[in-house]
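Good morning, colleagues. Please take a moment to look at the sequence and the structure before I begin.

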Amino acid sequence: MRLSQVCICLLGIAAFGVGCDDDSPPIIGDPTHYASPSAPESLISNLQVSYRRREIEQYANLLAPEFLFRFQPIDQSTIGKESWTHDEDSVGTRALLTTPEVAVIRIDLLYAGRDSSMDKTPPADSVRIRIHTTDLEIDQTNDISWVATDEQDFFFRKGLPANGEDHARWFMYEWDDIPTLTSPRPLPTPASTWGNIKNRYSH
């Protein structure tokens, strides 16, 4: 790069607070942009972006056709089902993300790493990631908020060429909402579960 180009770049940074590579691809963990679905971690990032931006199509693209969302036992008794299928979950999540009752969705998910050891027979190339810190807050337009802080287990698999899927792409095939004995922080707003929040807006 010539000196004149460097000077122009530096002037751009000073004037607008941006660099010369504004068109560079977003990184995993970018809170506002989607990453390539080439790793389980990118799907966790994209799930959060889809909630923040309230984009149901982007959320649904994360899920494998056989996807299951497993409710906590406390929710199974009230909802009347142990789990939701791909289509049921997409309908429930669409209601949450698109309802005019919700003003803002805040979400932050923290995890330690991958865990390939599972207590059931998983699909090939399967990975589990436990969300050990969940911070989901749904702020309604009537000043009522709902908070979920329980741990979550996400299960991922690579695409299956036999199903016409790209083997380089990852999908989430199961999501378990896990009861947590203690909350990681004091809750100033009504506590709930992620499954109950999904179901709340689906009626």
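I shall speak first about the overall fold and then about the aromatic rings.

A word on the basis of what follows: this is a predicted model, in which local features need pLDDT of at least 70 and side-chain atom pairs count only at pLDDT 80 or more, while totals for chains, interfaces and linings use all residues. Residues are numbered from 1 along each chain as its sequence is written, and side-chain values use heavy atoms, with hydrogens and water left out.

The protein contains six helices and eight strands. Here helices (H or I, at least four residues) and strands (E, at least two) are DSSP runs, numbered from the N terminus. Read from the N terminus, the order of the elements is α-α-α-β-α-β-α-β-β-β-β-β-β-α.

Of the 203 residues, 42% are buried, where buried means under 20% relative accessible area with a 1.4 Å probe, protein chains only. Taking contacts (heavy atoms within 4.5 Å) between residues at least 6 apart in sequence, 61% join residues at least 24 apart.

I turn now to the aromatic rings. How many aromatic pairs does the structure hold? There are nine. Rings of Phe, Tyr and Trp (its six-membered ring) pair if their centres lie within 6.5 Å; planes over 60 degrees apart count as edge-to-face, under 30 as stacked and the rest as tilted.

Consider Tyr51 and Trp194: their ring centres are 5.6 Å apart and their planes stand at 80 degrees, so this pair is edge-to-face. Tyr51 belongs to helix H2 (residues 40–53) and Trp194 to helix H6 (residues 194–200), so the pair ties together parts that are 143 residues apart in sequence. Tyr51 is buried, at a relative accessible area of 0%, and Trp194 is buried, also with 0%.

Phe71 and Trp84 form another edge-to-face pair, 5.1 Å centre to centre with 80 degrees between the planes. Phe71 sits in the loop between strand E1 (63–70) and helix H4 (73–79), and Trp84 in strand E2 (residues 83–85), 13 residues apart. Phe71 is buried at 3% relative accessibility, and Trp84 is buried at 6%.

Both pairs involve members of a cluster linked by ring pairs, which includes Tyr51, Phe71, Trp84 and Trp194, together with Tyr59, Phe69, Phe154, Phe156 and Trp175.

Finally, two charges sit over rings, meaning that NZ of Lys or CZ of Arg is within 6 Å of the ring centre and within 35 degrees of the ring normal. Lys198 lies over the face of Phe69, 4.8 Å from the ring centre. Arg114 lies over the face of Trp170, at 5.8 Å from the ring centre.

Definitions and conventions. Buried means under 20% relative accessible area, exposed over 50%, partly exposed in between (1.4 Å probe, protein chains only).
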